[in-house]
Structure formats: structure tokens, C-alpha cells
Amino acid sequence: MKRLAVLLLFVFFLGKAEAQRIAIMGALDQEIAILIDSMRSVKKVNKGGIDFYKGKLKGKKIVLLKAGVGKVNAAYSTAILTENFELSMLIFTGVAGGLHPEAMPGDLVIGEKLVQFDFGQVDSAGFTVSPFRKLTGGRHEDLFIASDPALLERSARVADRTVLEPISGREPRVFTGVIATGDIFVSSDEKAAWLYEEFDALATEMEGAAIAHICRTLGIPFVIIRSCSDNANNHARMNFNQFVGPASVNSARIVMGILEDME
Ligand code: ADE
């Protein structure tokens, strides 16, 4: 009887114990489409209103999801993800507005550091950005959150040897540096110049720093990979619509390359 109880307990825990997975996240359908299509043994489960695609990609156990647009959706999705899956790391893939004068549509920006550019204080002197707040209240010391150094190195190495989709006949370039996140689709020459000067940011998007914040809090290694769909300038909306497809493909190719590069 005792033996049977031990055996049942063992079987119960075996069923419960989920192997660690690599989380792959995008914000839009276009950003994850090619990855869903390339997955094997896909099982879709819904948790907290989010569809999670469990399966294999390049032989690695992954869980793929669409976070939705903006910092709140990204933070919510990351929280539901981390509550329901054992993760070894998180890789974000998607598009961004390029801020570096030479970062053109199709180019890659690998996020070395993430910053929330719209978190701060407005007074008569204007806007002052503040460091992230800890869950317990106090401020973090640094304005920026660094990606996992090993994942960053692997991403840059893979990006250098990956064949990317040319856009407008131009071979895409690879940049590594700061990504500035805010709840704003930036379509303004002035705002784009401010982000580049103020934060040394190479690209802007709407989710990365929120995900980085949660990963840092929970100790999950992460990296944010983006490909430029536009230049965050006055023409950004038009360029975004034109280039979101090929730029998403370029970013997703790096993710597949990263998975292939792992043992
Ligand atoms: N994602 C892609 N382009 C963007 C932009 N210009 N601003 C914010 N997020 C973006």
C-alpha cells in the first residue's frame, strides 16, 4: 500500500515537472508568424487570455507567444508566461523604429540595454526621465537594464553570419546598442532625434524595457532582437506598413539562428 502511494506520488510529480523551455515572444502576429510555421509538435494552450504555442523549433523546446502592443500588454504577458512555464531564457523578436542615422528598414538592432523613455516627471522645466521603480518601491540605480551578456554575444555572432532579406535592394546591417521603449509609436523627426541624443538609442519600440524589467526582477536571462520597419520619423507610419513583413522575417531569422547555435 505504502509502495503504491509512493509510486502514485512519483507519477504525479513526473507529470507536473515540465522541462525548461526557451520563451520566444513577439508583439504582433507578423512578428511570430514565420516562427509558428517553422515549429514542430505544436500544442496550443490558452492561459490568462493568451495563446501559448508549445513545441519544438530547431530541435529546442520552446514556448511562443504574442504579447500584444505596449508596455502593459508586454508586462502582463511576461507575468502570465513566467507563472505558467519554467523558462531557461526569453528572446523577444520584432520590429522597431531605427534612430541611428544609418539604421534603415530591414537592419537589425540587438538590444544591449533597454530604457523606458517615458517614465519620469513633468514639471515647468519639462520632462525628466527616472530610473525604473522596484516592486517594493525604491528606485533602481541605473536608468538602463542590460540584456544577458552571453545571449547578447551569441545574438551578435549569429546575426553577423545570417543571410537577411534585403530591403529596397540594400543588404541589411547589424547594430548592437540601446533600445528605447515607450507607450508611443514614434512618428516624429523631433522625437526620434531626442531619443537618439538623450539615450544614445539606436531604435525605439513599445515593449522591450517592460519585458527586461520583469526578467531582471525574476532573474531570467533575456535578449531583445529588433529589425527596423521604419525610422521613427515623420514617414514612420507609412514605412511601417510597407516594411513590417520583411523586417519581422529578418528578426525571426536571428532567433532561429540563435536556437541552432545552441548545443
Ligand atoms: N515599432 C516599429 N516602429 C516603431 C516606431 N516608430 N515607434 C514605436 N514602435 C515601433
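Helices and strands on this tour are DSSP runs, counted off from the N terminus. Keep in mind that you're looking at a predicted model.

**Stop 1: the ligand**

Start by selecting the ligand and whatever sits around it. Which element gives the most to this shell? Strand 5 does, with three residues. Now light up G97, V186, E205, A232 and A236: of the 14 residues around the ligand, these come nearest. Strand 5 (87-98), strand 11 (201-205), strand 12 (222-230) and helix 7 (236-261) are the elements that give two or more residues to the shell. Colour the shell by residue type and you should find eight nonpolar, four polar and two charged residues.

**Stop 2: A232**

Stay with A232, one of the residues that come nearest to the ligand. Follow the chain from strand 12 towards helix 7, and you'll meet A232 in the loop between them. Is A232 buried or exposed? A232 counts as buried, because 31 C-beta neighbours lie inside 10 Å and 20 are enough for that label. Take a look at its backbone too: phi of A232 is near 55 degrees, a positive value in a residue other than glycine. For context, most residues other than glycine have a negative phi.

**Stop 3: the nonpolar core**

Next, go inside. The largest nonpolar core has 70 residues. Helix 7, which you have already seen at the ligand, gives the most to this core, with nine residues. In soluble globular proteins, nonpolar side chains tend to be buried together.

Which residues have the most contacts inside the core? Select V109, I179, A201 and I211. Then zoom in on I179 and show what it touches, skipping residues up to four places away in sequence. You'll get A96, V109, G111, L114, A201, L202, A203, E205, G208, I224 and R226. Two names there are familiar from the core, V109 and A201, while E205 is one you met beside the ligand.

**Stop 4: two helices side by side**

Pick helix 3 (residues 71-84) and helix 6 (residues 208-218). They pack at an angle of about 30 degrees, and their axes are 8 Å apart. The crossing, as helix 3 passes helix 6, is right-handed.

Where do they meet? On helix 3, select K71, A74, A75, T78, A79 and T82; on helix 6, select A210, I211, I214 and L218. That contact is made up of seven nonpolar residues, two polar ones and one charged one. I211, on the helix 6 side, is also among the residues with the most contacts inside the core.

**Stop 5: the loop between strand 8 and strand 9**

Time to head for some exposed spots. S130 lies in the loop between strand 8 (126-129) and strand 9 (145-146), and R139 is in the loop between those strands too. S130 counts as exposed because it has 12 C-beta neighbours inside 10 Å, and 12 or fewer earns that label. R139 has 11 and counts as exposed as well.

Leaving out residues up to four places away in sequence, S130 touches F119, G120, Q121 and R139. Under that same rule, R139 touches S130, P131 and R133. Try the distance tool as well: S130 and T181 are 51 residues apart in sequence and 13 Å apart in space, C-alpha to C-alpha. For R139 and Q116, 23 residues apart along the chain, the C-alpha separation is 13 Å.

**Stop 6: strands 2, 3 and 4**

Finish with strand 2 (residues 40-47), where you'll find K44. K44 counts as exposed, with 11 C-beta neighbours inside 10 Å. Apart from neighbours within four places in sequence, K44 is in contact with D51 and Y53. Draw a line from K44 to V186, one of the residues at the ligand: their C-alpha atoms are separated by 33 Å.

Move on to G49, in the loop between strand 2 and strand 3. This glycine counts as exposed, with 9 C-beta neighbours inside 10 Å. Its C-alpha atom and that of E141 are separated by 34 Å.

Your last selection is K58, in the loop between strand 3 (50-57) and strand 4 (60-66). How exposed is K58? With 17 other C-beta atoms within 10 Å, K58 is partly exposed. Phi of K58 is near 50 degrees, again a positive value in a residue other than glycine.

Definitions and conventions. Residues numbered from 1 in each chain as written. Predicted model: local features only at pLDDT ≥ 70, side-chain atom pairs only at ≥ 80, totals over all residues. Axes fitted to C-alpha atoms, helices over the stretch in contact; angles between N-to-C directions. Helix = DSSP H or I, 4+ residues; strand = E, 2+ residues; numbered from the N terminus. Left-handed = near helix turned anticlockwise from the far one by under 90°. Contact = placed C-beta atoms within 7 Å. Nonpolar A, V, L, I, M, F, W, Y, C, P; charged D, E, K, R; others polar. Near = placed C-beta within 6 Å. Core = buried A, V, L, I, M, F, W, Y, C linked by C-beta atoms within 7 Å.
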